[in-house]
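Student: I am new to this structure. Please pick one part, take me through it closely, and then connect it to a few other places.

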Amino acid sequence: MSNQEYYDPGKRYRQANKSLAFLAIIFIIALCVVFFKIIFYPGGGSDSNSDLVENANYHNLMIQFDDDKTFSSALNYPEKDTPSYKWAAAATSIYSFMGNGNEKWIGGQLLNSSQIPDCKEFLDKAYKISDRKSAKEVVDRMIKYGHRARYRQFLDDNKTLEMAISLIEKDKGKDLTYEDGLTITVDYFKENGISTESFLRVKGSALAYLRFGDSGIDGYDYLRLIRVSYMCYKCGYLSQREYMQLINNLNDELRREYKSFRQIHECYYYGEMFRLGDVSDASSSTLSDIEKGIARIEKRGYYDEVEPMFFENDPHTDKYYQMTRIENVDKLSETELSDDLEDYTFEINGIVYKLPVTYRQMENGGFVCDSSGDTIIPAGEEFYFEGYYLGNEYSGLDFGVYNNLDHDAKLSDLQITLVNGNIFRWNKYQDYPYKIAKGIEVDKYFINEVERKFGQLSIPEDHVEDVGGGKMYYYEYRFDSGFYRFMVQESGRLAGIRMCRYHDESE
């Protein structure tokens, strides 16, 4: 099992034979220190890439890091429900089928809190990533160089590889398949007079070139980058916006360079050969895991399940994945959720607001509104619009304004005095709870709990309504300063909360 490329919490790192490993290292260093660094320490010092040419497309993959701290770390969306995450999970499913993972998660791992210590240990041992600084450095280096830069260099200056490519193409034909590659052994090289030094590196490079040309092992680096960025996010080294932006970029490149998830996994196989270099028990075990993983995928019919989405375009705009820039995080965070209803506070994903709020505040807090801030509201008229948290259509709030001025005004210049949220909009994304005073939350609380916290509710005239074959019940609190209306299912569970604070002419 390779420490560097395999992560499974159920399988601890195998300890190498220290005496043999030491002798081997001394021998290799004596031969060529620089070569050792380049091949075996892809996450090592800056000198290891000094003689490599940068990847031509690395600008397409680079991301903007959030070091200016203008992105709110509190704003997170359930990325596992997005098309980009699902695509990346399918691409990295080879890790799941190599071990005991779940193909629905990137790299086959959910990585809950109990697994983070192991994950941090893996990143440190395999990639020398131990904090945010090292995570950024390694990600940038893998994008600019990685094994694919070394692969191209190997194609340019290795005579043994040239011989192997010529032999395999002549023997197996131009329609060489993945299965054909499995039949190429050390004995095959010997029988045809080809040196078996660095056999795996030569074989992997030859097969990768004949199958995919200059893109031969790009997919290998891309899958590793997807998994590493996901782990770095889970370990707190990268923000959600950063790792999702990188995944989007990598997904696009994989779609551009390959034609199927199976091809990507085949490319990963060749990339591991290139990295491992020589035949050994450890390298044979790692390659066997990949072969068995691909076989399991095919046997289960998983490729048939996911291949239809390979060329699907993500229907969402960039705003769906972009963490919203916050201009007044500190100011917003100073507000605390009140215990008093007449303070008219509400909370969305950790940020607390107090009515009245402005259009700009809701935008800064992460809402994409369906009406422009330049919308003109005539004097004396009400206007209602909807805002979608992080652009997600399932996480909407209704907002209401009243233009009590003596002239027409822009929506962005008026105060929002009414907010309404309900279970029918929030049911799919429970990570964004809509809460009011004392933490009362839609779908989590029952109306009797509301009364216990705040006292007896009044019953309005329109108390009952037929909704979708069932009934919805309404209860209220009325104050001189405003009102709350609670929408309640027949079970008594809260289905929605509307809150309104009347205009205060002194404000």
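**A hairpin, and beyond**

Tutor: Start with one pair of residues: Glu465 lies across from Met472, a residue of strand 12. Keep in mind that this is a predicted model. Glu465 falls within strand 11, which covers residues 464-467. Strand 12 runs over residues 470-478. The two strands pair in the antiparallel sense, and four bridges join them. Now look at the turn. Two residues lie between the strands of this hairpin. Gly468 has a positive phi there, near 55°.

Next, another antiparallel pair. Strand 1 (residues 345-348) pairs with strand 2 over four bridges. Here Ile348 faces Ile351 of strand 2. These strands belong to an open sheet of three, ordered 2-1-10, with antiparallel pairing. Strand 2 (351-354) and strand 10 (434-435) are at the edges, and each has a single partner strand, so one side of each has no neighbour in the sheet. In general, strands of a sheet pair through backbone hydrogen bonds.

Now the helices. Two packed helices are described by an angle and a distance between their axes. Helix 12 (residues 199-212) packs on helix 15 (residues 261-276) at about 150°, and the axes are 6 Å apart. An angle over 145 degrees counts as roughly antiparallel. Helix 12 and helix 15 are therefore roughly antiparallel. Their crossing is left-handed. Who makes the contact? From helix 12, the residues include Leu200, Leu207, Ala208 and Phe212. From helix 15, they include Cys267, Tyr270, Met273 and Phe274. Arg201 and Arg211 of helix 12 take part too, as does Glu266 of helix 15. By type, the contact residues of helix 12 with helix 15 are nine nonpolar, three polar and five charged.

Finish with two single residues. Is Thr92 buried or exposed? Thr92 is buried, because its relative accessible area is 0% and the limit for buried is under 20%. Thr92 sits in the loop between helix 4 (83-91) and helix 5 (93-98). Leaving out residues up to four places away in sequence, Thr92 touches Trp105, Ile106, Gly107, Leu223 and Ile226.

Lys133 is another case. Lys133 is part of helix 7 (residues 132-144). Its relative accessibility is 61%, so Lys133 counts as exposed; the threshold is over 50%. Lys133 is 105 residues from Leu238 in sequence, but their C-alpha atoms are 9.5 Å apart in space.

Conventions. Residues numbered from 1 in each chain as written. Predicted model: local features only at pLDDT ≥ 70, side-chain atom pairs only at ≥ 80, totals over all residues. Heavy atoms only, no water. Buried < 20%, exposed > 50% of the residue type's maximum accessible area, 1.4 Å probe, protein only. Pairing = 2+ DSSP bridges. Axes fitted to C-alpha atoms, helices over the stretch in contact; angles between N-to-C directions. Parallel < 35°, antiparallel > 145°, perpendicular 65-115°, else oblique. Left-handed = near helix turned anticlockwise from the far one by under 90°. Contact = heavy atoms within 4.5 Å. Nonpolar A, V, L, I, M, F, W, Y, C, P; charged D, E, K, R; others polar.
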